[in-house]
Amino acid sequence: MLRSQSVLTIWLSVALFFTGDQLLAQKGKNKIGAYYFDGWSGTTFHITDDLKNNYSDREPVWGWVTSKQEIVDEQITLAANAGLSFFSFCWYHRNGRTVEELPENRALSLYKNSKNVKKLEYCLLVANHGGFDVGPENWEKLTDIWLAEFKHPQYMRVADKPLLIFFEFTSLIKNFGSPEAVSAAFDKLRKRAVEAGLPGASIAICAGSPDGITKAESSGADIITGYNYHSIGFKGPNQAIPIDTLHAAEQQLWSKLSNAVKKPYIPVSTMGWDPRPWSNDKNKYQEKPYFTGFSVQSVQQSVNGLLNWMNTHDSSLTSERIGLLYAWNENGEGAWLTPGKQGLNPLIGLKSALSGKKKIK
């Protein structure tokens, strides 16, 4: 995405996790999921020549095109076996085309049709940016679609209500006219959910600063979260930055944001950022900072950091103790968990962290 949990229920009286050499005790249950981005149908621009020719370590074991039923079936099993509880699918709409027609939503359809669907829950991240705007003119139509998703038996709930995440608040406020108007639209969605026989809806908005949190909460968000926080790790004059810098910076940001929120917070660990394969004349990614050192070990460190922060900030979390990872398959942006054709398998780091194993050498 440009611009940018089978259930992880580890129930132990004391389970230990490493961040470097430090042990922290796991408090009950955590529920960790990953964002899923489907730019891998072979019908969009995302599989660029640069990605194929110069970033072969990112190529999944199945090849670049992964939006196929048998591959999604296998991905669900791999994710569940590694300890993830859910996928949050980046969800798109465009006026004039049905949701099912958009290739970016193909993997969601394949997930729902999968023989393995009961192994993972799911929710939607509404990608309301870059031409996929949400506003008054399409709110009722989109609400109809979301309510149908909410009724799926695997759709994830927070506070017993289906969770719907919005990528950003700026376009919502612009399109509806004010934060109060956005809040009124959310109330209408919640009311329609109740009328449809559901207990309501839990609405989350991504925000990355205290000011952003204020705007998201004034827009009626029940929960604050994020998609990724890559820029917080950009320190110093160098373009290539060691990924350890990001690990340290995101811990500080989670604390800063949790101190600012009045609502529950779902922290997100940014496992990497290097979007150079998607560089063009507009975004100029080839000239901008990126992180180096993505590896099995760095993935373990990212997830350990998330778990340890959650274990020391219990009161900031949702009652389900939800955390998110960026991402299952943002291979083009340099953050992925899919096993690689060249041998790199980030799932080893993920599973090691979620199972409480010592730091991988």
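Is Tyr 290 buried or exposed? In this predicted model, Tyr 290 counts as buried, because its relative accessible area is 13%, and the cut-off for buried is under 20%. Tyr 290 is part of strand S12. Setting aside residues up to four places away in sequence, it touches Phe 234, Gln 239, Ala 240, Ile 241, Trp 273, Asp 274 and Arg 276. Arg 276 deserves a second look: it lies over the face of the Tyr 290 ring, at 3.7 Å from the ring centre. Phe 37, by contrast, sits 253 residues from Tyr 290 along the chain, and the C-alpha atoms of the two are separated by 20 Å.

Phe 37 leads on to the aromatic pairs. A search through the whole structure turns up 30 of them. In one, Phe 37 meets Trp 278 edge-to-face, with 6.1 Å from centre to centre and 65° between the planes. Phe 37 belongs to the loop between strand S3 (31–36) and helix H1 (49–54), while Trp 278 belongs to the loop between strand S11 (268–270) and strand S12 (290–292), so this pair ties together parts that are 241 residues apart in sequence. Phe 37 and Trp 278 are both buried. Another edge-to-face pair is made by Tyr 265 and Trp 309, with centres 6.1 Å apart and planes at 85°. Here Tyr 265 comes from the loop between helix H8 (243–260) and S11, and Trp 309 from helix H9 (residues 296–312), so the parts tied together are 44 residues apart in sequence. Both Tyr 265 and Trp 309 are buried too. Aromatic residues also gather in a bigger group: Tyr 36, Phe 87, Phe 89, Tyr 111, Tyr 122, Phe 150, Tyr 155 and Trp 328 form one cluster.

What about the nonpolar interior? In soluble globular proteins, nonpolar side chains tend to be buried together. The largest nonpolar core in this model has 112 residues, and those with the most contacts inside it are Leu 84, Trp 146, Phe 166, Leu 325, Leu 337 and Leu 350. Take Leu 337 as an example. Not counting residues up to four places away in sequence, its contacts are Ala 34, Leu 84, Met 271, Val 299, Leu 325, Ala 327, Trp 328, Asn 345, Pro 346, Leu 347 and Leu 350.

Leu 350 also turns up where two helices meet. Two packed helices are described by the angle between their axes and the distance between the axes. For H9 and helix H10 (residues 347–354), the angle is about 35° and the axes are 7 Å apart. Their crossing is right-handed. On the H9 side, the contact is made by Val 296, Val 299, Gln 300, Val 303, Asn 304 and Leu 307, and on the H10 side by Ile 348, Gly 349, Leu 350, Ser 352, Ala 353 and Leu 354.

A few single residues show how surroundings vary. Ser 88, in strand S4, counts as buried because its relative accessibility is 0%. Its contacts, leaving aside neighbours within four places in sequence, are Ala 34, Tyr 35, Tyr 36, Cys 123, Leu 124, Leu 125, Ile 165 and Leu 324. Glu 100, in the loop between strand S4 (86–91) and helix H3 (106–112), counts as exposed, because its relative accessibility is 63%. Asp 73 lies in helix H2 (residues 69–82) and is buried, with a relative accessible area of 10%. Leaving aside its neighbours within four places in sequence, Asp 73 is in contact with Ser 114, Lys 115 and Asn 116. The C-alpha atoms of Asp 73 and Asn 113 are separated by 9.0 Å, although their positions lie 40 residues apart along the chain by count of places apart.

Finally, the backbone has some quirks. Most residues other than glycine have a negative phi, and most peptide bonds are trans. Yet a cis peptide bond joins Tyr 326 and Ala 327, with omega at about 5°. Ala 327 falls in the loop between strand S13 (322–326) and strand S14 (329–330). Ala 159, not a glycine, has a positive phi near 55°, and Asp 160, also not a glycine, has a positive phi of about 70°. Ala 159 is in the loop between strand S6 (157–158) and strand S7 (161–166), and Asp 160 is in the loop between S6 and S7 as well. With a relative accessible area of 47%, Ala 159 is partly exposed.

Note on methods:
Residues numbered from 1 in each chain as written. Predicted model: local features only at pLDDT ≥ 70, side-chain atom pairs only at ≥ 80, totals over all residues. Heavy atoms only, no water. Core = buried A, V, L, I, M, F, W, Y, C linked by side-chain atoms within 4.5 Å. Buried < 20%, exposed > 50% of the residue type's maximum accessible area, 1.4 Å probe, protein only. Contact = heavy atoms within 4.5 Å. Phe/Tyr/Trp six-rings, centres within 6.5 Å; stacked < 30°, edge-to-face > 60°. Helix = DSSP H or I, 4+ residues; strand = E, 2+ residues; numbered from the N terminus. Lys NZ or Arg CZ within 6 Å of the ring centre and 35° of its normal. Axes fitted to C-alpha atoms, helices over the stretch in contact; angles between N-to-C directions. Left-handed = near helix turned anticlockwise from the far one by under 90°.
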